[in-house]
Structure formats: structure tokens, C-alpha cells
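Welcome! Here is a short briefing on the pockets of a protein and the ligand it holds. Please take a look at the sequence and the structure first.

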Amino acid sequence: MSQSILKENYANVLKNVHNACERAGRKTDDVTLIAVSKTKPVEMLQEIYDCGCRDFGENKVQEIMDKYDKLPNDIRWHMIGHLQTNKVKYIVDKVYMIHSVDSIKLAKEISKEAVKKNVTVKVLLEVNVAEEETKFGLLTEEVPDFYKEVIDLPGLKVCGLMTIAPYVENSEENRQHFVNLKQLMVDIESEKTDNISVGELSMGMTGDYEVAIEEGATYVRVGTGIFGERNYNI
Ligand SMILES: *Cc1c(COP(=O)(O)O)cnc(C)c1O
């Protein structure tokens with residue numbers, strides 16, 4: 001893919017984000033576009049960085065470590081993939097946010113390693129709102145108790161919820177899942193006794209980020225729409 005097409009894609013996605021915000025009566029600043037750069041070479045990331053993007057999403061620990069050293073250090077790296085506890089130590093002081101906390105064991109490991117390195121890591125709880133068997137994530141009914149169990153762990157700041165909606169042809173099919181994730185967050189916020197905000201909602205990908213924004217997403221994770229199709233065979 002030529003470089004000018006990347007720039008064009010990125011500008012288009014930004015425009016769509018802006019328009020979706022307008023439709024929903026929201027401020028564009030309230031939504032962060034994460035460029036999901038998994039499998040893509042650092043030259044492509046640099047290209048999008050040069051357009052002003054500072055938020056990049058990766059789903060593999062090794063890939064974050066490789067890219068981290070080769071790109072500017074004001075990038076906010078978002079770990080969006082399933083995270084194994086034995087790999088937490090490699091990225092805990094490199095990532096801005098971990099979107100995929102789905103077990104107490106993982107939350108405790110993040111806490112332990114963060115304290116060791118004297119950092120605080122922002123995390124989101126991954127929720128399998130559509131209850132797909134093939135997906136990681138907590139079930140909706142598990143989230144309130146889970147939240148109470150992890151909220152006081154040191155070195156870790158629970159900022160909100162994340163979901164990976166099903167792959168669908170028509171993005172409208174996912175609207176209800178986004179509505180449900182937002183409602184779950186409202187429920188958690190209303191039960192809280194402290195005043196720490198957990199208002200972040202990471203939802204929406206290339207096929208459905210506009211619908212997700214209309215329903216309250218604060219982070220959208222767009223890969224294909226910016227970088228083009230991924231080739232896993234190289
Ligand atoms: C790959 C990936 C994305 C981006 O998917 P696209 O459809 O290419 O936009 C978003 N979120 C997660 C968790 C991913 O693994």
C-alpha cells in the first residue's frame with residue numbers, strides 16, 4: 001500500500017469519527033482513535049504518527065517490545081489482545097493502557113509487576129457482551145463483583161470497559177451490544193462509593209466504530225480502515 005493511501009485512510013477515519021460525534025452531540029475530543037497496527041511494519045506506523053496519531057494498538061507482547069524501541073517515545077501503546085500472565089512483566093512499564101483484563105489472576109499479576117516497577121497502569125475490563133463462545137472476556141453478570149475485587153489493587157487503575165463485538169456484515173447488528181456495555185458501565189458507576197471515574201468505553205472496530213461512537217465509545221480501535229488488510233502469512 002502506498003504511503004499517500006495510508007494518509008488518506010487516516011484522514012477519512014478521522015472525518016468519520018468527527019461526523020459520528022456530531023450526530024451523537026458529542027465532542028470529537030472525547031473519542032480517541034487508536035490506530036491498530038498489529039502485523040504492520042514500523043514505517044507504516046511512522047507514517048500515521050507523522051499525521052498526528054499518538055495512540056497505537058497492538059495485540060502481541062513481542063510486537064510491542066520490537067516496535068517500542070524503534071518509534072518515538074511519546075506514543076501511547078495500547079495492549080488490546082489477550083495477555084498471558086507470564087508476559088506482563090515485559091510491557092507493564094511500556095504500555096499506556098491494557099484493554100484486556102479478563103481474570104483476577106491477570107489483574108493481580110499486573111498489580112504486582114507495576115508496583116515492582118513503580119508505575120501505575122491504566123486498565124479496562126474486557127467484557128464478552130455478546131457471549132460468544134470463541135471470545136475472551138468476562139460475562140456481563142460477572143463484572144460488578146470482578147470490579148469490586150480489582151479496584152483496590154495497587155499499581156493498577158481501572159478506567160472502564162472494553163469489548164470486541166461480533167464480526168457482522170451490517171454494523172447496526174452490533175448497536176445493542178454497545179448500548180449494553182454502556183449500561184453496564186453506568187450501573188457500575190452508580191454503585192461506586194468513591195469518586196474515581198471509570199467512564200472509558202473501548203468499543204468499535206473498522207466495521208462498526210461509527211455506531212460505537214453514537215452509543216458512547218471513548219476509544220475506537222481501527223486497524224484495517226487505516227492500514228489496509230492484514231497478511232498473517234509473512
Ligand atoms: C485487530 C483488532 C482490532 C482492529 O480490527 P479492524 O477490524 O482491522 O479494525 C480492534 N480490536 C482488537 C482487540 C483487535 O484485535
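What follows covers the ligand, then the two pockets.

This is a predicted model, in which local features need pLDDT of at least 70, side-chain atom pairs count only at pLDDT 80 or more, and totals for chains, interfaces and linings use all residues. Residues are numbered from 1 along each chain as its sequence is written, and side-chain values use heavy atoms, with hydrogens and water left out.

**The ligand and its surroundings**

- The ligand sits in the largest pocket, meaning that more than half of its atoms lie within 2 Å of the pocket's grid points.
- Residues around the ligand (a heavy atom within 4 Å of it) include Val 36, Lys 38, Ile 80, Ile 164, Met 205 and Thr 206.
- Arg 221, Val 222, Gly 223, Thr 224 and Arg 230 are also among the residues of this shell.
- By class, the shell has 5 nonpolar, 3 polar and 3 charged residues; Ala, Val, Leu, Ile, Met, Phe, Trp, Tyr, Cys and Pro count as nonpolar, Asp, Glu, Lys and Arg as charged, and the others, Gly among them, as polar.

**Contacts with the ligand**

- An N or O atom in the side chain of Arg 221 is 2.8 Å from a nitrogen atom of the ligand.
- Gly 223 has a backbone N or O atom 2.8 Å from an oxygen atom of the ligand.
- Arg 230 places a polar side-chain atom 2.8 Å from an oxygen atom of the ligand.
- Of the 390 Å² of accessible area that the ligand has on its own, the protein covers 89% (Shrake-Rupley method, 1.4 Å probe).

**The largest pocket**

- A pocket is an open set of points on a 1 Å grid over the protein atoms alone, where a 1.4 Å probe fits, with protein on both sides within 12 Å along at least five of seven lines; lining residues have an atom within 4 Å of a point.
- The largest pocket holds about 920 Å³ of space, counted as the space filled by probe spheres set on the points.
- Its lining has 38 residues, and Lys 38, Asn 59, Ile 164, Met 205 and Arg 230 lie nearest the centre.
- Helix 3 gives the most to this lining, with 3 residues (helices are DSSP runs of H or I, at least four residues, and strands are runs of E, at least two).

**The second largest pocket**

- About 180 Å³ of space lies in the second largest pocket.
- Helix 1 gives the most to its lining, with 3 residues.

Definitions and conventions:
A polar contact is a pair of N or O atoms within 3.5 Å; within protein, one must be able to donate a hydrogen and the other to accept it, and residues adjacent in sequence count only if both atoms are side-chain atoms.
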